[in-house]
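Open the model in your viewer and keep the sequence panel visible. The stops below can be selected one after another.

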Amino acid sequence: AFGSDAPHSGDALLHYAGPPPKGVEKKDTPVLLVHGATKNANFWWDPSEDGKNKGLPQKLRDEGHEVFALTFAHNQ
């Protein structure tokens, strides 16, 4: 996703959970999720990392928040 096997350590990807569902009032303040070491933004979408769970971004989006998450170029 970074276009290189060795991206600059300052590079990051910004992920967007999408707009709130129709009929749900949009909140004024967006949410930014930042993962911990050895993870990336995919962790937020599937915290059990089994492909079955709905994560925090989807829950917050369904409540009306615009949700963003970061993936850093290096996991440390």
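The tour goes from the whole chain to single residues and then to a surface patch.

**Whole chain**

Start with everything displayed as a cartoon; this is a predicted model. Two helices and three strands should appear, and following the chain along its sequence gives the order β-β-α-α-β. Switch to the C-alpha trace: along the principal axes, its atoms fill a box of roughly 45 × 25 × 20 Å.

Next, show the surface. The accessible area of the chain is about 5,200 Å², and carbon and sulfur atoms contribute 52% of that area. The chain has 76 residues, of which 28% count as buried. If contacts are drawn for pairs with a separation of 6 or more, 74% of them join residues 24 or more positions apart.

Colour by charge. There are 8 positive and 10 negative charges in the chain, and the mean positions of the two sets lie 7 Å apart.

**His65**

Select His65, in the loop that runs between helix H2 (56–62) and strand E3 (67–72). Is His65 buried or exposed? His65 has a relative accessibility of 17%, and because the limit for buried is under 20%, His65 counts as buried. To see what surrounds this side chain, add Pro20, Lys27, Thr29, Val31 and Leu60: these are the residues in contact with His65 once neighbours within four places in sequence are left aside.

**The loop between E2 and H1**

Move to the loop between E2 and helix H1 (42–45), and select Thr38 there. What is the phi of Thr38? The angle is positive, about 70°, although Thr38 is not a glycine. Thr38 counts as exposed, because its relative accessibility of 54% is over the 50% limit.

Gly36 is in this loop between E2 and H1 as well. With a relative accessible area of 42%, Gly36 is partly exposed. Now pick the C-alpha atoms of Gly36 and Val24 and draw a distance: the two residues are 12 apart along the chain, and the separation of these atoms is 30 Å.

**A nonpolar patch**

For the last stop, select Leu32, which belongs to strand E2 (residues 31–34). Which residues make a nonpolar surface patch with Leu32? Add Leu14, Val34 and Phe72 to the selection; together with Leu32 they form a patch of about 370 Å². Show these four side chains with the surface switched on to see the nonpolar patch they make.

Note on methods:
Residues are numbered from 1 along each chain as its sequence is written. This is a predicted model: local features need pLDDT of at least 70, side-chain atom pairs count only at pLDDT 80 or more; totals for chains, interfaces and linings use all residues. Side-chain values use heavy atoms; hydrogens and water are left out. Patches are made of residues with over 30% relative accessible area and no salt bridge: like charges are joined within 9 Å, nonpolar side chains (Val, Leu, Ile, Met, Phe, Trp, Tyr) within 5 Å. Accessible areas come from the Shrake-Rupley method with a 1.4 Å probe; for residues, only the protein chains shown count as cover. Helices (H or I, at least four residues) and strands (E, at least two) are DSSP runs, numbered from the N terminus. Buried means under 20% relative accessible area, exposed over 50%, partly exposed in between (1.4 Å probe, protein chains only). Contact means heavy atoms within 4.5 Å. Lys and Arg count as positive and Asp and Glu as negative; His and the chain ends are not counted. The place of a charge is taken as NZ of Lys, CZ of Arg, CG of Asp or CD of Glu.
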